[in-house]
Amino acid sequence: MNRRAGHIIAALLSLYALIALVIPLVVAMLWSLVNPQDGWFAPDLVPPSYSTSFWSDVFATPGIPAALLRSVGIAIVVTALTVTLALPTAWALARIPFRAKRAVEVFILAPLIVPGIIVAVSLTEVFIRLGLFGSLLGVILVQTVGTLPLMIRILTASLEGFPVELVWAARTLGASPGAAMRRIVIPMTAPGVVAGGLLSFISSFEEFEKTFMIGAPAVETIATKLWSYLGGDIIIFPTASVVTFILLVPTVIIFAIAQALVRDEDLAAGMGKV
Amino acid sequence: MTRPLRQRLVLLALLAPGVGYLLVFFGVPLARVVLASVSSADSWLPQFGHYAEVLTTPVYREGLLFSLWLALAPTLVAVVIGVPLAALLVRSYPGKAFFGALYKIPLVVPSIVAAFVVLILLDRGGLAHRWAALVGISLPRVVRDPAGIGIILASAWKNVPFMALIVAGSMAAISEDLHRAARTLGAGTLTIFVRIQLPLALPGITAASLLVFITGLGAFAIPNLLGPPYPLPLSVHMYDQGYRRGNWPLVYAMGTMLSVAAIAILLAYHALTRRTQHSLTAGRDA
């Protein structure tokens, strides 16, 4: 491929990144730095003056640090629950041939395809009866319906490539089953598990619809907080911008790490690609 | 005789945590919704009154049509932008690793943030309006507009990278020999895109389109923030009628309609991928 074509492609992709990512982020950043004394009104293209007061205000708002902590806590529990439930099932799907496998795969894909609002609606009545509606546990359980298929599919995709001959070789050479597990199976499958775990964490951290329907208004996460700033009668752009960054920064960093550990095709599998 | 039985038990024990969880918290509740949507206190027979209500009440009928529009339009946008984007991404160019990671960011950005981006840029008084005003153009209203342009743009923002991810996967799998052969025969970049990359990536494009369509059909947050007061898509009606008014049987009927659409698409999608896998292996054998 010649160099000129390469540069044209890089230029086109830069243009796309500029429109889709850079401009929105810069504008959101400018909104978060607006000086409340002066505001930012049309036709000004940049705010007349800057201040960090919305940032300090948001962190001083009693609900926000608590919502952030709650989001992180929920994401940790959801991820732990998801990994525990997904590992054995993914192992079976990746390594054991059985007759109904295709049906099981379709069933596991279904929660990724059925809209979140329907998952939430279908659990509402049962959760009210069990006292789980509007509770932290209820939110954790409903979010896991979304993260579990993602995790099972990413793990299955990465375990399918696992060379089981290595385990046989180790066993032939006298390794105990425990040693084979510790020295071969765990180190070789760890990247898939870690990547799946990170993606589950993000998908819980940024989840809105199911959390909102099952948890609101009692269980506030950072995502439902952002909703309350956007869905209210008066939209407060500077506050919403700050909350957007609180939501985005950890998500983007964790996603970057996960991307380094997972192949594109496994990521696509986790998001519903067959 | 005992060994196969033991193996079967091991298999069941391994499948139980994942599949069992999804049965309890997804499969059974969804089946209950479908049953509750057709049951009534007076009769043992299935009753379709709530479905008739959705289809004959203008507010809901228009809502259903609006939902279909909000599923179809972002899918078209995602194809038109995402497929050429994928064709660019699989070529070789300076900064490939960087762009390859960058374009995927919207995949993990919550849709409320996508809606917020549309608000700050494209709502009246938003930055795009201010820029356009500089050159004397007045932009049309795209937020809370009856055609749902703002909703379509926000969904497309999330779905273009999704389309590109899946289609780039299909395009990357195309053998380099084919490209070389085409170039030797005098094909330019555009001819290669139209005659080789597009047809071979078609299963990927179809798969991604079905997934984007179904996401749009059930989306709640973006239409609620950026949509017009009328018509409202079925998802927003479901929320209002259910959580605000407690009219659950009607909500279950709407939920069933959307789920049936989702599951039909899921099965079509599976049948499709199965057929292409078949034809691929058949091609390899031949």
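B:Leu15 touches A:Thr89, A:Ala92 and A:Val104, leaving aside residues up to four places away in sequence. The residue sits in helix H1 of chain B. Is B:Leu15 buried or exposed? B:Leu15 counts as buried because 22 C-beta neighbours lie inside 10 Å, and the cut-off for a buried residue is 20 or more.

The structure described here is a predicted model. The predictor assigns the complex an ipTM of 0.91 and a pTM of 0.91.

## The contact between the chains

B:Leu15 is a starting point for the wider contact between chain A and chain B. How many residues of chain B are in contact with chain A? On the chain B side there are 71 residues, and they meet 78 residues of chain A. Helix H1 of chain B, residues 2–38, supplies the largest share of the chain B side, with 14 residues. By class, the chain B side has 55 nonpolar, 12 polar and four charged residues.

Helix H10 of chain A is another element to look at here. Eight of the 10 residues of H10(A) are buried, so the helix is mostly covered. The buried residues are A:Ile222, A:Ala223, A:Thr224, A:Lys225, A:Leu226, A:Trp227, A:Tyr229 and A:Leu230. What do these residues pack against? In chain A, their partners are helix H3 (63–95), H9 and helix H11 (237–261). In chain B, their partners are helix H5 (111–122) and H10.

## Chain B as a whole

Chain B has 12 helices and zero strands. Its C-alpha atoms fill a box of roughly 80 × 75 × 30 Å, taken along the principal axes. Of the 286 residues in chain B, 43% are buried. Contacts in chain B often link distant parts of the sequence: among those between residues at least 6 apart, 75% join residues at least 24 apart.

The chain is divided into domain 1, residues 1–47, and domain 2, residues 62–285. Taken over C-alpha atoms, the centres of these two domains of chain B are 32 Å apart. Five residues from domain 1 of chain B and six residues from domain 2 of chain B make the contact between them. The domain 1 side of this contact has four nonpolar residues, one polar residue and no charged residues.

## Two helices in contact

Within chain B, helix H3 and helix H9 (residues 189–218) form a helix pair. Their axes come within 9 Å and cross at roughly 145°. The crossing of H3(B) and H9(B) is right-handed. Residues of H3(B) in the contact include B:Ser67, B:Leu70, B:Ala71 and B:Pro74. From H9(B), the contact includes B:Phe193, B:Gln197, B:Ile205 and B:Gly216. Sorted by class, the contact between H3(B) and H9(B) has 13 nonpolar, five polar and no charged residues.

## Backbone details

Each chain has a cis peptide bond leading into a proline, as the table lists.

| Peptide bond | Omega | Place of the proline |
|---|---|---|
| A:Ala216 to A:Pro217, cis | near -5° | loop between helix H9 (209–215) and helix H10 (222–231) of chain A |
| B:Tyr230 to B:Pro231, cis | about -5° | loop between helix H10 (221–226) and helix H11 (234–244) of chain B |

The loop that holds A:Pro217 leads to helix H10 of chain A, the helix described above as mostly covered.

B:Arg144 is a further backbone detail. Its phi is near 55°, a positive value in a residue other than glycine. B:Arg144 is found in the loop between helix H6 (127–134) and helix H7 (149–172) of chain B. B:Arg144 counts as partly exposed because 17 C-beta neighbours lie inside 10 Å, and a buried residue needs 20 or more.

## Confidence in chain B

The mean pLDDT of chain B is 89, and 95% of the residues in the chain reach 70 or more. Where in chain B is confidence lowest, and where is it highest? Confidence is lowest in helix H12, residues 248–285, at a mean of 77. It is highest in helix H3, residues 58–89, at 96. Helix H3 of chain B also takes part in the crossing with H9(B). Over residues 280–286 of chain B, pLDDT stays under 50. For that stretch, the model has zero contacts beyond four places in sequence.

Definitions and conventions. Residues are numbered from 1 along each chain as its sequence is written. Chains are lettered from A and ligands numbered from 1 in the order in which they are written. This is a predicted model: local features need pLDDT of at least 70, side-chain atom pairs count only at pLDDT 80 or more; totals for chains, interfaces and linings use all residues. Two residues are in contact if their C-beta atoms, placed from the backbone, lie within 7 Å. Helices (H or I, at least four residues) and strands (E, at least two) are DSSP runs, numbered from the N terminus. Ala, Val, Leu, Ile, Met, Phe, Trp, Tyr, Cys and Pro count as nonpolar, Asp, Glu, Lys and Arg as charged, and the others, Gly among them, as polar. Domain bounds come from an automatic or database domain assignment. pLDDT is the predictor's confidence in each residue, from 0 to 100. A residue is buried if 20 or more other C-beta atoms lie within 10 Å of its own, exposed if 12 or fewer, and partly exposed in between; C-beta atoms are placed from the backbone. Axes are lines fitted to C-alpha atoms, for helices over the stretch in contact, and angles run from 0 to 180 degrees between N-to-C directions. A crossing is left-handed if the near helix is turned anticlockwise from the far one by less than a right angle, and right-handed if clockwise.
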